[in-house]
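Me: I would like a close look at one part of this protein. Please take a single residue as the starting point and describe its surroundings in connected prose.

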Amino acid sequence: MFEKGYVDGGYVRVPGEELFSFIVRVLLKLGVPEEHAKIVADNLLMADLRGIESHGVQRLKRYVDGILSGGININPRIEILREGPSYALIDGDEGLGQVVGQRAMSLAIEKAKDSGIGVVAVRNSNHYGIAGYYALMAAREGMIGISMTNSRPLVAPTGGVERFLGTNPIALAAPTKDKPFLLDMATSVVPIGKLEVYRRKNKPIPEGWAIDAGGNLTRDVEAVFNEGALLPLGGLGELFGGHKGYGLSLMVDILSGILSGGTWSRHVKNTNERKSEVDHFFMAINIEAFTPLEEFKERMTKMIDEIKSSKKHPDFERIWIHGEKGFLTQETRLKIGIPIYKKVLKELDEIADKIGVDRIGGV
Ligand code: NDP
């Protein structure tokens with residue numbers, strides 16, 4: 001058993017396999033089928049392994065609340081409503097977003113194998129975790145993977161103060177000769193999970209992330225949670241491109257929600273409410289249909305090498321490529337464990353006690 005007492009700046013290091021088995025036993029206890037519980041655990045663990053604290057095990061409480069309140073359907077009948085050789089429309093039947101998302105991206109990949117491209121739009125799902133999880137599924141099959149989802153309203157449009165847009169993430173993964181390229185990002189300056197991290201630590205947020213109810217930039221995390229709003233990627237106003245983040249967010253709503261016959265972020269609800277109406281969009285592009293896969297990987301690798309060896313800014317030691325930090329962090333965390341903030345661990349202990357399963361560490 002691992003040493004639970006090792007604390008590092010308020011963090012406790014927990015081996016990945018402990019986190020995985022904890023998530024699985026919590027979900028099993030709540031009646032989630034084992035195969036589904038493992039998909040959710042894999043998705044949350046990937047986030048924590050890659051250093052995405054906002055979307056790892058700290059999200060489990062929301063899913064537990066969603067299941068207990070009946071907002072999440074643990075035995076969904078995921079249904080293909082329409083289908084052609086290269087596309088499908090799926091109804092997620094209010095299932096766990098990861099389960100619906102995994103099924104939908106697998107279908108997109110199958111279609112791309114036969115027809116060069118697979119596009120799957122999904123309605124009536126739930127929060128699906130990190131968008132990159134699904135994009136990487138396609139990259140592992142030698143394809144370009146695209147994944148996006150709408151989410152509940154937290155972001156003000158450029159020129160507005162009301163929460164209208166979701167933090168609507170976009171991910172694109174593409175294979176290279178080494179680790180895949182992986183762009184995986186919210187279309188807001190930061191996702192709400194990052195504010196939750198600051199809130200747990202009682203720290204002010206950096207200026208530029210969010211506004212209060214009056215539209216003023218604020219560092220007060222509570223002002224954002226009470227009636228404030230996050231800002232679209234690019235920040236407040238047009239000067240640094242806030243209107244472009246706003247547009248990207250709408251792009252996600254159009255492809256995920258409006259195309260699928262679902263909804264748009266303004267109407268998306270929390271996972272603990274019935275019909276939270278989260279919608280997703282997945283695309284798999286079979287590279288072999290366009291160009292030999294090995295040549296594609298070589299050109300990707302050459303492009304990345306050229307970028308990384310280009311002249312550095314005096315304040316920066318290196319140029320990173322999207323996905324690279326995450327893969328490095330993952331390698332380290334697989335060896336030495338994942339730092340979990342003590343308040344998150346306490347929350348997980350409370351979940352364990354409430355539903356009657358062993359805490360992390362088997363206590
Ligand atoms: P980050 O800002 O942490 O990272 C965005 C992207 O930039 C990543 O691909 C990251 O790669 C890359 N990156 C980081 N630093 C550099 C650099 N210096 N040079 C080049 N690339 C870099 O992501 P966000 O905080 O916006 O999003 C975090 C997660 O939250 C995502 O996984 C997203 O899918 C998820 N999310 C989910 C939502 C939902 O409703 N389900 C809503 C909003 C967000 P790397 O991974 O290597 O760091």
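Reply: In this predicted model, a suitable starting point is Thr176, which, once its neighbours within four places in sequence are set aside, is in contact with Phe181, Lys297, Met300, Thr301 and Ile304. Thr176 itself is found in the loop between β7 and β8.

The two strands on either side of that loop deserve a description. Strand β7 covers residues 170-174 and strand β8 covers residues 181-185; they run antiparallel and are joined by 5 bridges. The connection from β7 to β8 is a hairpin of 6 residues. Ala174 stands opposite Phe181 in β8, and Phe181 is also one of the residues that Thr176 contacts.

Is Thr176 buried or exposed? Its relative accessibility is 7%, and because buried means under 20%, Thr176 counts as buried. Its side chain also takes part in polar contacts within this stretch of the chain. One reaches the backbone nitrogen of Asp178 at 2.9 Å, and another reaches the backbone oxygen of Lys179 at 2.8 Å.

For a wider view, one may turn to the nonpolar cores. The largest nonpolar core has 69 residues, of which Val26, Leu60 and Leu348 touch the most other members. Helix α2, residues 34-49, supplies the largest share of this core, with 9 residues. Apart from this core lies another, of 17 residues, including Ile144, Ile146, Met148 and Phe296. In general, nonpolar side chains tend to be buried together in soluble globular proteins.

How values were computed
Residues numbered from 1 in each chain as written. Predicted model: local features only at pLDDT ≥ 70, side-chain atom pairs only at ≥ 80, totals over all residues. Heavy atoms only, no water. Pairing = 2+ DSSP bridges. Helix = DSSP H or I, 4+ residues; strand = E, 2+ residues; numbered from the N terminus. Buried < 20%, exposed > 50% of the residue type's maximum accessible area, 1.4 Å probe, protein only. Polar contact = N/O pair within 3.5 Å; in protein donor to acceptor, adjacent residues only side chain to side chain. Contact = heavy atoms within 4.5 Å. Core = buried A, V, L, I, M, F, W, Y, C linked by side-chain atoms within 4.5 Å.
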